[in-house]
Amino acid sequence: MDAGIKIYEQLEANEQLVGKINLLLKQLSSSPVCFGVEQLQAIVESPASHLFIAECDGNIAGMLTLGEYPAPTGRKMWIEDVVVDEAMRGRSIGRKLVKHAIAFSEKSGGGALMLTSRPARVAANALYRSCGFVLKETNLYRMNID
């Protein structure tokens, strides 16, 4: 593991961070949604979301968002938007982010921790399995509400 990597929860929004996150989002999705400081502020202020930042040698190297909510069948948590900067890959940063989210989830009361990943993301899927996630056979439905 790289001793220069630190993971922390981002608790404030600023323009500089928004720019760095937008660069990461371009690496995550072929159709990234760029957002501004107001959207970042909503994420960091929400008690239902936690934005974890990976920093390596003073540079933003990756991020992961953890969302949580209570449900009648128990507490649910979702890992979203996991991305490591292409220039920083191969340094176990993604693993550190996922392990940090798992530890945070355990400390904050446990529950079902879930995520989705496209099958084409072979390395990401291998990472999630190696961290203890199991593939759940299900249908995922999505509807965009404007």
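1. Let me start with the helix pair that caught my eye: α3 crosses α4 in a right-handed sense. The contact draws on Gly 94, Arg 95 and Val 98 from α3, and on Leu 127, Tyr 128 and Ser 130 from α4. Sorted by class, that α3–α4 contact comes out as three nonpolar, two polar and one charged residues. Bear in mind as you read on that this is a predicted model.

2. On the geometry of the pair: α3 covers residues 93–107 and α4 covers residues 122–130, and the two pack at an angle of about 45°. Their axes are 10 Å apart. That angle is why α3 counts as oblique to α4.

3. Next, the pockets. The largest pocket has a volume of about 1000 Å³. Its lining takes in 28 residues, and those nearest the centre are Leu 25, Leu 28, Glu 80, Asp 81 and Arg 142. If you want to find the walls in the viewer, look at α1 (15–28), α2 (37–45), β3 (59–69) and β4 (76–84), the elements that each give two or more residues to this lining.

4. Which element gives the largest share of that lining? It's β4, with five residues. As for the chemistry, the lining of the largest pocket splits into 16 nonpolar, seven polar and five charged residues.

5. The second largest pocket comes in at about 670 Å³. It is lined by 19 residues, with Leu 115, Thr 116, Val 134, Leu 135 and Lys 136 closest to its centre. Here the elements giving two or more residues are β5 (112–115) and α4, so you meet α4 again, the helix that packs against α3. By class, this second lining has ten nonpolar, six polar and three charged residues.

6. Leu 115 deserves a click of its own. This residue sits in strand β5 and is among those closest to the centre of the second largest pocket. What does Leu 115 touch, once its neighbours within four places in sequence are set aside? The partners are Trp 78, Ile 79, Tyr 128 and Phe 133. Tyr 128 should look familiar: it is also one of the α4 residues in the contact with α3. For a sense of distance, Leu 115 and Gln 27 lie 88 residues apart in sequence and 18 Å apart in space, C-alpha to C-alpha.

7. Last, a look at Cys 34, which is in the loop between α1 and α2. Ignoring neighbours within four places in sequence, Cys 34 is in contact with Asn 22 and Lys 26. Both of those partners fall within the 15–28 span of α1. Leu 23 is eleven residues from Cys 34 in sequence, and the C-alpha to C-alpha separation of these two is 8.8 Å.

Terms used. Residues numbered from 1 in each chain as written. Predicted model: local features only at pLDDT ≥ 70, side-chain atom pairs only at ≥ 80, totals over all residues. Heavy atoms only, no water. Axes fitted to C-alpha atoms, helices over the stretch in contact; angles between N-to-C directions. Helix = DSSP H or I, 4+ residues; strand = E, 2+ residues; numbered from the N terminus. Parallel < 35°, antiparallel > 145°, perpendicular 65-115°, else oblique. Left-handed = near helix turned anticlockwise from the far one by under 90°. Contact = heavy atoms within 4.5 Å. Nonpolar A, V, L, I, M, F, W, Y, C, P; charged D, E, K, R; others polar. 1 Å grid on protein atoms, 1.4 Å probe; cavity = no way out; pocket = protein on both sides within 12 Å on 5 of 7 lines; lining within 4 Å. Points joined across faces, edges and corners; volume = space filled by probe spheres on them.
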